[in-house]
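Thanks for coming, everyone. I'll walk through one model today, from the sheet outwards. Please have it open on your screens.

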Amino acid sequence: LISAYAIGTFVEKRHYKSIKKREIEMLDLPAVNIKKVPREKKILGIQMVSGSAVISLDYFKRVLASLRMLIGGRVRTYESLIDRARREAVLRMKQACKSKNGLIINVRIETSSIGKSANDKNQVGSIEALAYGTAIYFDR
């Protein structure tokens, strides 16, 4: 259990560090939930962009989540799992955009649990997040 905890914590911290670095690099490309296109600049192109990520729960967190489900309350181990998956999916969606001289509008994020154990229907194995939106490319 101790080695599972140490390895899982190391991997999660490394992933968060990578996410934060790439989020800073992608600040130039906004991804927003507006539905109307800004008309200040000439539009050169429109494209649907998407990104997905599947994040698995490590063994130690699975044990902690199982214990938490017995007594009730917030399952913080799943919260970090969903946060990482959503942020990674948004970053991959932004990377699918051809140009940073644009805007991604009407962004939606879908999440689902996959890889459930056949023995325990309440047990989550992995979380998938799918982010999608419309990339609009503007004239400089």
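Start with β2 and β3. β3 covers residues 126-138, and β2 pairs with β3 in the antiparallel sense. Eleven bridges join the two strands. A word of caution here: this is a predicted model. Everything I quote is computed from it.

In general, strands of a sheet pair through backbone hydrogen bonds, and they can run parallel or antiparallel. Here, the pairing is antiparallel. What is the order of the strands in the sheet? It goes β1-β3-β2, three strands in an open sheet. Which strands sit at the edges? Those are β1, residues 43-56, and β2, residues 102-114. Each of the two pairs on one side only. From one strand to the next, the twist averages 10°.

Now bring in a helix. Helix α3, residues 76-96, packs on the sheet. Helix α3 touches β1, β2 and β3. The direction of α3 makes about 150° with that of β1. Keep α3 in view, please. We will come back to it.

First, one position in the sheet. Look at T134, in strand β3. Which residue stands opposite T134? I105 does. T134 also has contacts beyond its sequence neighbours. Leaving out residues up to four places away in sequence, T134 touches I46, Q47, L103, I104 and I105. Then there is V107. T134 and V107 are 27 residues apart in sequence, yet their C-alpha atoms are 7.2 Å apart in space. Is T134 buried or exposed? Neither label fits: its relative accessibility is 26%, so T134 counts as partly exposed.

Stay with β2 for a moment. N106 lies in that strand. Its phi is near 55°, a positive value in a residue that is not glycine. Most residues other than glycine have a negative phi. So check N106 on your screen: phi is positive there. N106 counts as partly exposed, because its relative accessibility is 28%.

On to the charges. Side chains of opposite charge can pair when their charged atoms come close. How many salt bridges does the structure hold? Four. I will take you through some of them.

Take E88 and R22. Their side chains meet in a salt bridge, at 2.6 Å from N to O. Why is this pair worth a look? E88 lies in helix α3 and R22 in helix α1, so the salt bridge ties together parts that are 66 residues apart in sequence. Helix α1 spans residues 2-25.

Are the partners buried or exposed? Both E88 and R22 are buried. For E88, the relative accessibility is 3%, so E88 counts as buried. R22 has a relative accessible area of 17%. The cut-off for buried is under 20%, so R22 is buried too. What else does R22 touch? Apart from neighbours within four places in sequence, R22 is in contact with H15, E88, L91 and Q95.

E88 has a second partner. R92 forms a salt bridge with E88, and the closest N and O atoms are 3.0 Å apart. This one is within a helix. R92 and E88 are four residues apart in α3, so about one helical turn separates them. R92 is partly exposed, with a relative accessible area of 38%. Put the pieces together: R22, E88 and R92 are linked in a network of salt bridges.

Next, R87 and E23. Their side chains meet in a salt bridge of 2.8 Å, N to O. This pair also links distant parts of the chain: R87 is in helix α3, E23 is in helix α1, and they are 64 residues apart. Both ends are partly exposed. R87 has a relative accessible area of 21%, and E23 has 27%.

Last stop, the surface. Which residues form a nonpolar patch there? They are L64, L67, L70 and I71. Together they have about 450 Å² of accessible area. One of them, L64, is found in helix α2, residues 59-71. L64 counts as partly exposed, because its relative accessibility is 37%.

To recap: α3 packs on the three-stranded sheet, and R22, E88 and R92 form a linked salt-bridge network. Thanks. I'm happy to take questions.

Key
Residues are numbered from 1 along each chain as its sequence is written. This is a predicted model: local features need pLDDT of at least 70, side-chain atom pairs count only at pLDDT 80 or more; totals for chains, interfaces and linings use all residues. Side-chain values use heavy atoms; hydrogens and water are left out. Two strands pair if DSSP finds at least two bridges between them. Axes are lines fitted to C-alpha atoms, for helices over the stretch in contact, and angles run from 0 to 180 degrees between N-to-C directions. Contact means heavy atoms within 4.5 Å. Patches are made of residues with over 30% relative accessible area and no salt bridge: like charges are joined within 9 Å, nonpolar side chains (Val, Leu, Ile, Met, Phe, Trp, Tyr) within 5 Å. Accessible areas come from the Shrake-Rupley method with a 1.4 Å probe; for residues, only the protein chains shown count as cover. Buried means under 20% relative accessible area, exposed over 50%, partly exposed in between (1.4 Å probe, protein chains only).
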